[in-house]
Amino acid sequence: MQTMLSGLRQINRGVAILVGVLLLACVAFVLADIVLRQLGASLGGTDEISGYVMAIATSWGMAFTLIELGHVRIDLLRSRVASRGRALFDLMAMLALSGTVTLIAVKGWPVLARSLANGSRANTPLETPLALVQTPWLLGWAWFAVVSWLTFVVAVTMVMRRDFAASEATIGTFGELEALK
């Protein structure tokens with residue numbers, strides 16, 4: 001189980017680096033456009049392109065954030081129960097997250113399919129082919145769904161083995177883990 005989590009963590013760190021490079025390229029593009037505007041010219045479309053980059057970065061960044069325990073959770077009740085109770089709250093939270101993300105990915109597919117079938121383009125001066133943006137966006141959500149379900153299965157296995165500490169380290173809250181160190 002730890003091998004799978006380590007593999008997911010390593011893959012997600014690689015994805016995070018690629019997303020970071022994409023964001024840096026977007027920043028360079030926007031800065032170049034700002035400088036060019038001061039000189040009376042413009043590249044155009046920076047707002048549209050940066051919006052696409054943010055959507056793609058967000059969808060791919062969610063799985064990394066999950067593995068690094070970075071998602072925000074209201075844990076008022078969770079913090080007041082013993083390790084078994086925390087594990088159950090964590091599993092319920094992961095189940096809800098996995099189901100929600102899967103629903104987003106499933107509902108995103110018809111949007112991409114329609115764009116592919118119709119050759120849809122953005123209603124903007126760039127007329128960006130929407131499938132060009134929607135494909136990596138949807139793949140990011142699908143990856144997040146896969147990672148969340150795999151993480152959920154690992155955590156369920158740990159809880160069934162009564163290894164509540166390992167489960168908490170896998171799907172618990174980062175604040176409590178920091179307090180334990």
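1. In this predicted model, the buried residues of helix H1 pack against three elements, namely helix H2 (46-67), helix H4 (130-160) and helix H5 (164-171). The residues of H1 that count as buried are Leu-5, Leu-8, Asn-12, Val-15, Val-19, Cys-26 and Asp-33, a list that includes Asn-12 and Asp-33 alongside leucine and valine side chains. As background to reading such a list, an α-helix has 3.6 residues a turn, so residues three or four places apart point the same way.

2. The dimensions of H1 deserve a separate remark, since the helix has 37 residues and spans 53 Å from its first C-alpha to its last, which is close to the 54 Å expected at 1.5 Å a residue. After H1 comes Gly-40, a residue with a positive phi near 90°.

3. Arg-37 belongs to H1, which covers residues 2-38, and its C-alpha lies 53 Å from that of Met-1, a residue 36 positions away along the chain. Once neighbours within four places in sequence are set aside, the contacts of Arg-37 are with Ser-42 and Thr-46. Of these two partners, Thr-46 is a residue of H2, given that this helix runs over 46-67.

4. For the fold as a whole, the secondary structure consists of six helices and zero strands, and the order along the sequence reads α-α-α-α-α-α. The radius of gyration is 20 Å, well over the 16 Å that the globule rule gives for 181 residues, so the protein is more spread out than a compact globule. Taken along the principal axes, the box filled by the C-alpha atoms is roughly 65 × 40 × 30 Å.

5. Of the contacts in the protein with a separation of 6 or more, 71% are made by residues 24 or more positions apart. Burial amounts to 34% of the 181 residues, while the accessible surface comes to about 10,600 Å², with 70% of that area belonging to carbon and sulfur atoms.

6. Ser-59, found in helix H2, has a relative accessibility of 0% and therefore counts as buried, the cut-off for burial being under 20%. Leaving out residues up to four places away in sequence, Ser-59 touches Pro-136, Trp-137, Gly-140, Trp-141 and Phe-144, and these partners fall within the 130-160 range of H4. Between Ser-59 and Trp-109, which are 50 residues apart in sequence, the C-alpha to C-alpha distance is 14 Å.

7. A second serine to inspect is Ser-98, placed in helix H3, residues 83-118. Ser-98 also counts as buried, because its relative accessibility is 0%. Apart from neighbours within four places in sequence, Ser-98 is in contact with Ser-148, Trp-149 and Phe-152, which likewise lie within the limits of H4, 130-160.

8. Helix H5 is largely enclosed by the rest of the structure, because six of its eight residues are buried. The buried positions of H5 are Phe-164, Ala-166, Ser-167, Glu-168, Thr-170 and Ile-171, so that Glu-168 is one of the residues under the 20% limit that defines burial. As noted in the opening point, H5 is one of the elements against which the buried residues of H1 pack.

9. With regard to charge, the protein carries 14 positive and 11 negative side chains, and the centres of these two sets are separated by 9 Å.

Definitions and conventions: Residues are numbered from 1 along each chain as its sequence is written. This is a predicted model: local features need pLDDT of at least 70, side-chain atom pairs count only at pLDDT 80 or more; totals for chains, interfaces and linings use all residues. Side-chain values use heavy atoms; hydrogens and water are left out. Helices (H or I, at least four residues) and strands (E, at least two) are DSSP runs, numbered from the N terminus. The radius of gyration is taken over C-alpha atoms; the globule rule is 2.2 Å times the number of residues to the power 0.38. Buried means under 20% relative accessible area, exposed over 50%, partly exposed in between (1.4 Å probe, protein chains only). Contact means heavy atoms within 4.5 Å. Accessible areas come from the Shrake-Rupley method with a 1.4 Å probe; for residues, only the protein chains shown count as cover. Lys and Arg count as positive and Asp and Glu as negative; His and the chain ends are not counted. The place of a charge is taken as NZ of Lys, CZ of Arg, CG of Asp or CD of Glu. The expected span of a helix is 1.5 Å times one less than its number of residues.
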